[in-house]
Amino acid sequence: MTTAMYDEWRTTAAEPRFSEWLRLSSEPDWTEVVTHPFASAIVRGDADMYRYLVQDFQFVDAFTALLGAAVAAANSFGSRVAVGRFLGMTVADTEAGYFARALAALGGEPDPVPPEPVTEEFRSLMDEVRRGQEYPLIVAVLCVAEWSYLGWASRVREPLPDDFVYREWIDLHSGPEFEGWVGFLRRELDRLGPGLDEAGQGRVLDVFRRATRLERRFFDMAAA
Ligand SMILES: Cc1ncc(C[n+]2csc(CCO)c2C)c(N)n1
């Protein structure tokens, strides 16, 4: 969807947040991610999780490196601490905990599995912004990954599936703590975006859109 550039858009927007401009400008992909059939299948408890999680573990590896880059590239102590806390608590927990238990329950750790093309492309995008060390671009990719997952996981209505593979994956991406983390990433974009010139804002949008499209394709891959 084409939206006006930020400075024009915000004069008439109901909620003139920079992060809202990025999200609206990434439609229809955004809505297709948060309403994706694969996400609905996770919520119902009948998605084929094995291939998805094997690929996602490779995604999370590059994502973790990107969190480290965000700590290094942030422009304030408070931001470094917020990202560092998430990295140390949630990611350390998730990797050591959920992935190992879920993959074991689904049939054991696979031999090294080559990345699907979309996994490879997602990793390339994350590596590109990680190497570029521009904090707004790094936050844009982090924000898409976390906010879009909050989007589908918060559409869930009780009861959750009994199987922990689904239930924990939904719990990880919803609830007050995860909402707080997504709120932080959005506020970072809201804080930094308006001060960039139009070219800079366009670069943040380009990265945000590419990441949103990759999220959609990642679910397409998992559903195939
Ligand atoms: C394709 C894809 N996009 C976003 C997420 C969400 N996410 C990425 S890292 C992380 C924190 C710790 O695992 C969370 C919640 C995902 N898992 N896979």
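Helices (H or I, at least four residues) and strands (E, at least two) are DSSP runs, numbered from the N terminus. The structure described here is a predicted model, in which local features need pLDDT of at least 70, side-chain atom pairs count only at pLDDT 80 or more, and totals for chains, interfaces and linings use all residues. Residues are numbered from 1 along each chain as its sequence is written. The mean pLDDT of the protein (the predictor's confidence in each residue, from 0 to 100) is 94, and 99% of its residues reach 70 or more. For the complex, the predictor gives an ipTM of 0.94 and a pTM of 0.95.

The packing of helix H6 (77-105) is considered next. H6 and helix H9 (residues 164-172) pack with their axes 10 Å apart, at an angle of about 155°. Axes are lines fitted to C-alpha atoms, for helices over the stretch in contact, and angles run from 0 to 180 degrees between N-to-C directions. The angle makes H6 roughly antiparallel to H9; angles under 35 degrees count as roughly parallel, over 145 as roughly antiparallel, 65 to 115 as roughly perpendicular and the rest as oblique. The two helices, H6 and H9, cross in a left-handed manner, a term used if the near helix is turned anticlockwise from the far one by less than a right angle, with right-handed used if clockwise. In this contact, Thr 94, Tyr 98, Ala 102 and Ala 105 of H6 meet Val 165, Glu 168 and Leu 172 of H9, where contact requires that the C-beta atoms of two residues, placed from the backbone, lie within 7 Å. By class, five of these residues are nonpolar, one is polar and one is charged. Ala, Val, Leu, Ile, Met, Phe, Trp, Tyr, Cys and Pro count as nonpolar, Asp, Glu, Lys and Arg as charged, and the others, Gly among them, as polar.

H6 also packs against H5, at an angle of about 160° and with the axes 10 Å apart. H5 and H6 are therefore roughly antiparallel to each other, and their crossing is left-handed. Residues of H5 in this contact include Met 49, Leu 53 and Phe 57, while those of H6 include Arg 80, Val 83 and Glu 95. The contact of H5 with H6 comprises 14 nonpolar, three polar and two charged residues.

The axes of helix H5 (residues 49-73) and helix H8 (residues 135-153) come within 10 Å and cross at roughly 140°. H5 and H8 are therefore oblique to each other, and this crossing too is left-handed. On the H5 side the contact involves Phe 63, Leu 66, Ala 69, Ala 70 and Ala 73, and on the H8 side Tyr 135, Ile 138, Val 139, Val 141, Leu 142 and Ala 145. The residues of this contact are eleven nonpolar, no polar and no charged.

The ligand is surrounded by 14 residues, of which Phe 63, Thr 94, Ala 145, Tyr 149 and Phe 218 come nearest; a residue is near if its C-beta atom, placed from the backbone, lies within 6 Å. H5, H6, H8 and helix H11 (198-223) each give two or more residues to this shell, and H5 provides the largest share, four residues. By class, the shell holds eight nonpolar, three polar and three charged residues.

Two backbone features lie in loops. Most residues other than glycine have a negative phi, and most peptide bonds are trans. The peptide bond from Glu 27 to Pro 28 is cis, with omega near 0°, and Pro 28 belongs to the loop between helix H2 (18-24) and helix H3 (29-34). Gln 133, although not a glycine, has a positive phi of about 55°; this residue is found in the loop between helix H7 (117-132) and H8.
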